[in-house]
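Please look through the structure shown here, beginning with the chain as a whole and then turning to its interior and to one of its helices.

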Amino acid sequence: MSLIMNQTVLVLDFGGQYKELIAREVRRCSVYSEVKSGQISAERVREIAPIGIILTGGPKSVYKENAIGIDAEIFSLGIPVLGICYGMQLLCHTLGGRVESAKKSEYGVTAANLNTENPLFCGVKPKTKVLMSHTDKVTALPNGFVGIGATANTKFAACADDARKLYGIQFHPEVELTECGTRIIRNFLYEICKAAGDYNIDDYVERQIKSIREQVGNERIILALSGGVDSSVCAAILSKAVGKNLICIFVDHGFMRLNEGDQIEKVFSSMDLQFVRVNAGERFLKKLDGVSEPEKKRKIIGAEFIKVFEDESAKLGEVKFLAQGTIYPDIIESGGEHAATIKSHHNVGGLPKDIAFRSIIEPLSGLFKNEVREIGAKMGLGEYLVSRQPFPGPGLAIRIMGEVTKPKLEILRFADDIVCREIKKAGLNVSQYFAVFTGVNTVGVMGDERTYDNLIAVRAVTTSDFMTCDYTPVPHRILKKISSRIVNEVKGVNRVVFDITSKPPGTVEWE
């Protein structure tokens, strides 16, 4: 559902890695944002009628043949524009300025001197630390522009044409490393675009509920419920919209964490909806018999999940609507015209072509993860679901190296539970943490006896977007307790190691 009732700011994507951060920062300032291709036409922009436009960074050079251009007419629509990094260079290049390769690149935090008399920098410190990330720079401004910011190596670190409300900044205000970055974005929205600040999560939910009721009427909806944040919040919204006409199918593939399936059933069985739990552990294990290759495991689990879901759906008779917990980053990450495909999400183009539903309902498809969590908290889903850390669709099956068996699952479940409890109890700032069954056996000594048992690895990472991450330096006293508990409480384990690999070169998961 489009939020056309809200004022909108368009974030035009030129392949920059921070496009989501920009869009999220705009929304945090109570202004609705949408990410669109940088090659959107001026005619389409006029139809959307945004109150402002932000041009993202990008990996190209604006003066080269393979550069990503922009419809120049956009700058003549009277809509305020803020160009960031490549966006500033593109703005200046398109309007007659000059952009050249810099003799000295700027990467990292740099001190910038800003003209705080300009509305873009109102309330910002005159000398401010900003994040630079560029090799090219603007060396001559277009007619009508003046410089409003500089660094030791960049004369035009910011520029403005106040008459046409066109602005450019070479640095990135959307990242935490830039001081007063949010204030700069807020200034653009409220001082320059004259935003009303009419974007509100509560309004979004109410509109979705109304839209679903109008679309569905008295028909039933099936939701594939995983118990994760997205599908759980989706279920809560759908439940408010259609009540008992919502059927949630939870396929327990047997690879959930300790007691997780029971916890999910307890939460959703108490809601005003039909909850169907399918215990398919044996079925999935049989399919994985003898399979060790990670990608093959993923594909088998994914295909079997669809089959189980279709089998259960068929038992319900004709159901015309399917719901998914697709969120906005799923759509963005699944590829764009100028951005790389980070990962193809199963819920974005991954459904069978002949799926027998009239329509797919995705009430969260315009939201970022932080907004989904906020809605979940407001709808009373509880800390367990709202703050639940990410969990891969194939579950523990891809945290077991090699073939998946019942004994391995049992060992991993108990080890993982200890890891999760101890890290959570310590109150550490960790984005994701879990145990891995490495498939390696090591020699040990227990009770004066030689052992040859399993090696468990502990993984803990910190990240804002999961596209990159750093390992979390868990204090040794906590690691020592985790290790001691696992080797003493989990039969079949005699050694514990800690993974200190970041992404890249590693990934969050081991498989």
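In this predicted model, the protein chain has a radius of gyration of 26 Å, which agrees with the value near 24 Å that a compact globule of 511 residues would have. Along the principal axes, the C-alpha atoms fill a box of roughly 80 × 60 × 40 Å. The chain has 14 helices and 18 strands, and buried residues make up 53% of its 511 residues. Of the contacts with a separation of 6 or more, 74% are between residues 24 or more positions apart. The chain exposes about 23100 Å², of which carbon and sulfur atoms supply 49%.

In soluble globular proteins, nonpolar side chains tend to be buried together. Here the largest nonpolar core has 84 residues, and those with the most contacts inside it are I212, I221, L223, L238, F255 and I486; helix α6, residues 229-242, gives the most to this core, with nine residues. Leaving aside neighbours within four places in sequence, I486 is in contact with A415, I418, V419, I456, V493 and V496. A second, separate core of 36 residues includes V11, I22, L120 and V124.

Helix α4 can be followed in more detail. Because a helix should advance 1.5 Å a residue, the 12 residues of α4 (181-192) should span 16 Å, and the end C-alpha atoms are indeed 16 Å apart. The buried residues of α4 are G181, I184, I185, N187, F188, L189 and I192, and they pack against α1 (19-28) as well as the strands β1 (8-13), β3 (52-55), β4 (81-84) and β9 (166-169). The helix is followed by K194, whose phi is positive, near 60°.

Note on methods
Residues are numbered from 1 along each chain as its sequence is written. This is a predicted model: local features need pLDDT of at least 70, side-chain atom pairs count only at pLDDT 80 or more; totals for chains, interfaces and linings use all residues. Side-chain values use heavy atoms; hydrogens and water are left out. Helices (H or I, at least four residues) and strands (E, at least two) are DSSP runs, numbered from the N terminus. The expected span of a helix is 1.5 Å times one less than its number of residues. Buried means under 20% relative accessible area, exposed over 50%, partly exposed in between (1.4 Å probe, protein chains only). Contact means heavy atoms within 4.5 Å. A nonpolar core is a set of buried Ala, Val, Leu, Ile, Met, Phe, Trp, Tyr and Cys residues joined through side-chain atoms within 4.5 Å. The radius of gyration is taken over C-alpha atoms; the globule rule is 2.2 Å times the number of residues to the power 0.38. Accessible areas come from the Shrake-Rupley method with a 1.4 Å probe; for residues, only the protein chains shown count as cover.
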